[in-house]
Amino acid sequence: VRNELSNIIDTSNFFVAFYNKATGMMRAPFERELDILEEWPADKSLSGCVVKQKRSLLLSKDQISEMAEKGIIKLIGSRSEKWLGVPLFKGKTAIGAMVVQSYDNPHAYNEDSKYILELAAHELGNYISRKEAEQHAIKLSKAIEQNPVSIVITDKEGFIEYVNPKFTAITGYTLDEAISKKPSILKSGEQSIEFYTELWDT
């Protein structure tokens, strides 16, 4: 993300901070060039304001000082000449903030910069959501694959789309043999045809 942004806006001091609702802390797990602080309270921090308000903040040094004097924020680290933070969303939930700041240029960022950073945050949020969905699918897949009971997944018409290894071990049908068949292929032979017909119709 940083490499892409650096071609458009100054990202000399760029960080992504994630909000931990359970601890009330902001965490920036990636390296920062100035004021290296990995974790800080979200309450009364600029990045915490972005998350809480679910909106972008573009602030000058004077505006930051004014917010601190009013008790809205507590100053953390060196004061920047220009500070820009945008919320990072997962769905409709603000999960963090993407921030750029300049310590020497009061004109480093403007509304165009804010728009660009919001686009980048949107893409990052989508990426995080996709990765989490992939991880969830992998966990679910492992749970099904390693389950000690037989699992059969069918489409809405009842045709088999997937069976787990336990199904194969119990029935002797391979995955390829079961795919596109109906579970009615499973017959113990101990019941009448009428019994199976009523069972599968039901």
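**Exercise 1. Which residues of helix H3 are buried, and which are exposed?**

Work on the predicted model.

Step 1. Apply the cut-offs: buried means under 20% relative accessible area, exposed over 50%.

Step 2. Ile 64, Ser 65 and Met 67 of H3 come out as buried. They cover an arc of only 160° around the axis, so they sit on the same side of H3.

Step 3. Turn to the other side of H3. Asp 62 and Glu 69 are exposed there.

Step 4. A rule helps here. An α-helix has 3.6 residues a turn, so residues three or four places apart point the same way.

Step 5. Now find what the buried residues pack against. Their partners are helix H2 (46-53), S4 and S5.

Step 6. Look just past the helix end. Gly 71 follows H3 and has a positive phi of about 80°.

**Exercise 2. Work out the strand order of the sheet and name the strands at its edges.**

Step 1. The sheet is open and has 6 strands, ordered S3-S2-S1-S6-S5-S4. Their pairing is antiparallel.

Step 2. Read off the ends. Strand S3 (39-41) and strand S4 (57-60) each have a single partner strand, so one side of each lacks a neighbour in the sheet.

Step 3. Check the twist. On average, neighbouring strands are turned by 25° against each other, direction ignored.

Step 4. Take one pair. S1 (residues 14-20) and S2 (residues 25-27) run antiparallel and are joined by 3 bridges. Tyr 19 has Met 26 in S2 as its bridge partner.

**Exercise 3. Place helices H3 and H4 relative to the strands.**

Step 1. H3 (residues 61-69) lies across S4 and strand S5 (82-90). Its angle to S4 is about 100°.

Step 2. H4 (residues 111-145) packs on the sheet. This helix touches S1, S4, S5 and strand S6 (93-102). The direction of H4 makes about 30° with that of S5.

**Exercise 4. Which residues touch the most other members of the largest nonpolar core?**

Step 1. The core has 19 residues. Leu 46, Leu 59 and Trp 83 touch the most other members.

Step 2. Trace the contributors. S1, H2, S4, H3 and S6 each give two or more residues. H2 gives the most, with 4 residues.

Step 3. Follow Leu 59. Beyond its neighbours within four places in sequence, Leu 59 contacts Leu 46, Ile 64, Met 67, Glu 81, Lys 82 and Trp 83.

Step 4. Look for a separate core. Another one, of 16 residues, lies apart and includes Phe 14, Leu 84, Ala 108 and Tyr 109.

Notes
Residues are numbered from 1 along each chain as its sequence is written. This is a predicted model: local features need pLDDT of at least 70, side-chain atom pairs count only at pLDDT 80 or more; totals for chains, interfaces and linings use all residues. Side-chain values use heavy atoms; hydrogens and water are left out. Two strands pair if DSSP finds at least two bridges between them. Axes are lines fitted to C-alpha atoms, for helices over the stretch in contact, and angles run from 0 to 180 degrees between N-to-C directions. Contact means heavy atoms within 4.5 Å. Buried means under 20% relative accessible area, exposed over 50%, partly exposed in between (1.4 Å probe, protein chains only). The arc is that of the directions from the helix axis to the C-beta atoms. A nonpolar core is a set of buried Ala, Val, Leu, Ile, Met, Phe, Trp, Tyr and Cys residues joined through side-chain atoms within 4.5 Å.
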